[in-house]
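Me: Please take a close look at a single part of this model, one strand and the pieces packed around it, and then work outwards to the rest of the chain. I would like one connected account rather than a list.

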Amino acid sequence: MTAWAVRGVELPFGQEPRSWWIDAAGTARDERIEDAEPLPGGYVLPGLADAHAHPALTAGPSGPQPLARDAARANLLEWALSGVTLVRDAGSPGGLTLELQSEPGMPAVQAAGRFLAPAGRYFPDLLVAPVAEADLVGAAVGEISRGATWVKLIADFPDLNGGPDLQPTYGYDAIAALTEAVHEAGGRVAAHSTSAFAGRLITAGVDSIEHGTGLDEDAIKAMANRGTAWSPTLTATLGHLDAEARPDVRSMLGEVRDRFAFLLPLAISLGVPVLAGTDVVGSLPREVALLASLGLSPSQALAAASTWPRQYIGTAARADIVTYHHDPRDDPDHLASPAAVVVGGTRLR
Ligand SMILES: [Zn+2]
C-alpha cells in the first residue's frame, strides 16, 4: 500500500505551504514517511464532496431521466477522476444507486435509496413505486435495511394532477414518525423542500433540507438549534436566472437569490452545515462560484464543497487527496483541472 507526500497549502483555509504525509489508511502525519510517493500540485484538499448528487439520473429535455446501472457506475468513476471523493446520493429510481458495488477508483458513496413521495407528487419517470402516507415509515425503514444511509423524502411538490401548487406531500405526524424510525434504524433523512413548509420539517426532525428555496431567517435559526444541514443546490435553483426569459419567473428567482445572499452567510455564521450539491444539472466548480457570489468567502465556498460535507456526512477513514497547481480560491474553475487525484488510496491521475 502506498503512502503519499504532499507539500503545499492545506485547503480550504490554509495560507502557508507546509509538508505532510498521508499513510495508506488516509491518516495525515507530520513525520516523514519513508518511500512515500510525492504528489504534484501546491494546493491540497481531501477531495471535493458532492452532497446532493444523482449518479443514476441525467438531465432530459423535460426534466430528470433515469439511467441504467452501467451509466450510473460510469458517472461515479468520472466524478472521481475529476477529484470528487465523497458523494451523497440524493435518491435514485427504485434505489438503483444502492445496487452499485464499491470498487477501486470510486468515490465514497452514501446513498438514499428510492424517492419517497405519494402518487402524482414527483417526476413520474423517477417515482417507480409511489408511497402512500400509511406506508411511509415501512418504506423508509425498508430502504435503510437495503443499505441506504439516508432516506430521500419529497416533502413538498406540485400536484401533477392539477391541485394547488407546492403543498406538503405528507402530514406532519407522518414525517415526525418517519424521522424517528429512520434515526432508530441508524439512518438520516434528507428532505426535498422548495416551499415555506420547510420550517415544520425542521421541527419534525429531518437532518437536511434539500434546495430550501422557501427558507427564511426563522427556519435558519431553527436549523442552527437542531443541527439541520442545508444543500442549496444553487445551479439547480438559480443557475438559469440570467437566461430566464419569463419576467415573472425572473423576478421570483431574483427574490430567491437576494434572500439566499442574506441567508447563506447567516447560516454559516450560526454554524448550519452548508453543503454544496450539483443535483442533476450542476458542477462543483459552478456551485463554489455561486456560493461565493452569494456572500461566502472563497475559503467558505470551497469548504462547502469539501471539508464541511466530509465532516457532516462522514466518510470512513480512507486516503482521499486531491491537489491543484493553482489556488482554487482565486478561481473555482481551477477545481476542474486537478494535478493529482487519490481516491480511497488509488491514484487516478
Ligand atoms: Zn435532487
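Reply: In strand S19, Ala 340 and Val 342 point to one side while Val 341 and Val 343 point to the other, and all of these residues are buried. In a regular strand the side chains alternate between the two faces of the sheet. The model is a predicted one, and the description below should be read with that in mind.

The partners of S19 come next. S18 and S19 are paired in the antiparallel sense, with 3 bridges between them, and within this pairing Val 322 stands opposite Val 341. S19 is also joined to strand S20, residues 346–347, by 2 bridges, and these two strands again run antiparallel; here Val 342 stands opposite Arg 347. The hairpin formed by S19 and S20 has 2 residues between the strands, and Gly 344 takes a positive phi near 55 degrees in it.

To place this strand in the chain, one needs the division into domains: domain 1 covers 4–44 + 320–347, and domain 2 covers 46–313. The C-alpha centres of the two domains lie 29 Å apart, and 17 residues of domain 1 are in contact with 23 residues of domain 2. Strand S18 (321–324) and strand S19 (340–343) each supply at least two residues of the side of domain 1 that touches domain 2. Sorted by class, that side of domain 1 has 12 nonpolar, 2 polar and 3 charged residues.

A residue that brings the strand and the other domain together in this picture is Gly 83, which is found in the loop between helix H1 (69–81) and S9. Gly 83 and Ala 340 are separated by 257 residues in sequence, yet their C-alpha atoms are 8.3 Å apart in space. Apart from neighbours within four places in sequence, Gly 83 is in contact with Gly 47, Leu 48, Val 322, Leu 335, Pro 338 and Val 341, so that list includes both Val 322 and Val 341, the residues that stand opposite each other in the pairing of S18 and S19. Gly 83 counts as buried because it has 30 C-beta neighbours inside 10 Å.

From Gly 83 the path leads into an open sheet of 3 strands, whose order is S6-S9-S10 and whose pairing is parallel. S6 and strand S10 (108–110) stand at the edges, each having a single partner strand, so one side of each is left without a neighbour in the sheet. The twist from one strand to the next averages 15 degrees. S9 and S10 pair in the parallel sense over 3 bridges, and the bridge partner of Leu 86 in S10 is Ala 108. H1 lies across S6, S9 and S10 and runs at about 140 degrees to S9.

Two strands of this sheet appear again around helix H8, residues 284–293, whose buried residues are Leu 284, Pro 285, Glu 287, Val 288, Leu 290 and Leu 291. What covers these buried residues includes strand S6 (48–53) and strand S9 (84–89), together with helix H6 (234–238), helix H7 (247–270) and helix H9 (298–303). Just after H8, Gly 295 takes a positive phi of about 110 degrees.

There is also an open sheet of 5 strands, in the order S11-S12-S15-S16-S17 and with parallel pairing. The edge strands are strand S11 (115–116) and strand S17 (229–231), each of which pairs on one side only. Strand S12 (residues 150–154) and strand S15 (residues 188–193) pair in the parallel sense over 5 bridges, and Trp 150 has Arg 188 in S15 as its bridge partner. Helix H3 (residues 172–184) lies across S12 and S15, running at about 145 degrees to S15.

For the chain as a whole, the secondary structure comes to 10 helices and 20 strands. Of its 349 residues, 48% count as buried, and residues 24 or more positions apart account for 65% of the contacts with a separation of 6 or more. The C-alpha atoms fill a box of roughly 65 × 40 × 40 Å along the principal axes. A compact globule of 349 residues would have a radius of gyration near 20 Å, and the chain agrees with this because its own value is 20 Å.

Note on methods: Residues numbered from 1 in each chain as written. Predicted model: local features only at pLDDT ≥ 70, side-chain atom pairs only at ≥ 80, totals over all residues. Domains from an automatic or database assignment. Contact = placed C-beta atoms within 7 Å. Helix = DSSP H or I, 4+ residues; strand = E, 2+ residues; numbered from the N terminus. Nonpolar A, V, L, I, M, F, W, Y, C, P; charged D, E, K, R; others polar. Buried ≥ 20, exposed ≤ 12 C-beta atoms within 10 Å, placed from the backbone. Pairing = 2+ DSSP bridges. Rg over C-alpha atoms; globule rule 2.2 N^0.38 Å. Axes fitted to C-alpha atoms, helices over the stretch in contact; angles between N-to-C directions.
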